[in-house]
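Work through the exercises below with the sequence and the model open beside you. Each task is followed by a solution that proceeds step by step.

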Amino acid sequence: MSSESRTAVEPTSTNGHPRARREAVLNLRRLIGVARGKERPLIHLQHNPDPDALGSAAALRALLQRLLGIDAALAYTGRVGRVENRAMLRHLNIKIMPSYKLDYDEFDLILLVDTHPGAGTCRLPPGVVPDVVVDHHPSVHEMEGVAFPYYDPEFGSTSTMVGALFVENGIPMDRGVATALTYGIRTDTMDLSRGTSPMDEHIFREVYGHSDKQILSRIERARVPQEYFVVLERGLRHAQVTDFALTTFLGEINHSDSVAEIADLLFRLEGLKWVMVAGYTGDTMFCSLRALAAKTIRAGEVARDISRGHGGGHDTFAAAQVPMADLLADVEAPGESDAAAAEPAAAYGQLRERFLKAVRAKKSLTRPLTVPPDARTTGG
Ligand SMILES: [Mn+2]
């Protein structure tokens, strides 16, 4: 956080959530209890950190700094791919370090944010048990050995949970911290439209009120590299509408966030109930699903099903990362020498088959979204 934006913020009311305030007071006490006397804290983020992970980690760092005067390092695995997320790091001066460059033995306090031990998005080095876990993702895992598991799936974002520690305890926060938390809550809850609790609304109002709107706008309108449009054009060209489901293949992508980005965009097409967007990096096929809320078929289950356990998620949005070989195992062997080049397309074809079957879309009702993929050749 840049220090020149340090304006003391006096949180106003708890807005009629006395239980939430009591919990926030107790949770802060427990955090301090675990962190007091420690000198080298490390905050480990969710794999491929999203704005919620980045925002909550930056805020937690500021909280430790303010209350105990200790400086935490922020460690991540994977990539920060989306330009908005990179702009967030830049404009809010959030410094993160690749996990592999750090020796975890040198730290005396490990805090894990926006994921938990055992989750697919947790890539703590083997054998490292966190002292603190701050997370809102539904879990089936025991938090064994964790001194303070601050864990509550009622919250729409981890940023809300860290925000509550500030707001409900009357701890002032920087404008930068408020801005980071605002963006974290906003993206994880899709502007408070999904998986949102009254606490998310309440904490959001507090942090948004103190956020830097200029910087928020700069993050949200971050400029994109040319590659973005190349991928987008491929996505449009290959998009097929089958019944009520849209599917498309982006081919090779530089970062896995592309599939989610394009899925969000294409889901705006009227009449759709489902979207599946896939693309690959190396020998992994990434796919992102979007769905209308329905009681019968849920996106998370479809993602798990079509990826044979390599995916999952929520009712209306989900994702999967499938080893290409798994998909190709179910494809009839082409046996030709140019088979290698055709492999990703064949793997996508297999994934698409599984998807259309899972959502029960009628394959006979298939049309291109824009132009047929082969109708683009000019002359010759
Ligand atoms: Mn989150």
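Helices (H or I, at least four residues) and strands (E, at least two) are DSSP runs, numbered from the N terminus. The model is a predicted one, in which local features need pLDDT of at least 70, side-chain atom pairs count only at pLDDT 80 or more, and totals for chains, interfaces and linings use all residues. Residues are numbered from 1 along each chain as its sequence is written.

**Exercise 1.** Determine how many helices and strands the protein chain has, and judge its compactness.

Solution. Counting the runs gives 12 helices and 13 strands in the protein chain. Next, take the radius of gyration over C-alpha atoms and compare it with the globule rule, which is 2.2 Å times the number of residues to the power 0.38. The radius of gyration is 22 Å, close to the 21 Å that the rule gives for 380 residues, so the chain is as compact as a globular protein of that length.

**Exercise 2.** Describe the open sheet of seven strands, and say which strands stand at its edges.

Solution. Begin with pairing, for which DSSP must find at least two bridges between two strands. The order is β11-β12-β10-β9-β8-β7-β13, with mixed pairing. At the edges stand β11 and β13 (366-368), each with a single partner strand, so one side of each is left without a neighbour in the sheet. Within the sheet, β8 (residues 245-252) and β9 (residues 274-281) pair in the parallel sense over six bridges, and Thr-248 has Val-277 in β9 as its bridge partner.

**Exercise 3.** Find the buried residues of helix α10 (residues 299-306) and explain how they are arranged around its axis.

Solution. A residue is buried if 20 or more other C-beta atoms lie within 10 Å of its own, exposed if 12 or fewer, and partly exposed in between, with C-beta atoms placed from the backbone. By this count the buried residues of α10 are Ala-299, Val-302, Ala-303 and Ile-306. Taking the directions from the helix axis to the C-beta atoms, they cover an arc of only 100°, which puts them on the same side of α10.

**Exercise 4.** Locate Asn-48 and Arg-308, and state the sign of phi for each.

Solution. Asn-48 is in the loop between β1 (41-45) and α2 (51-68), and its phi is near 50°, a positive value in a residue other than glycine. Arg-308, in the loop between α10 and β11 (311-313), has a positive phi of about 55° although it is not a glycine. As a last step, count neighbours: Asn-48 is partly exposed, with 19 other C-beta atoms within 10 Å, and Arg-308, with 15 C-beta neighbours inside 10 Å, also counts as partly exposed.
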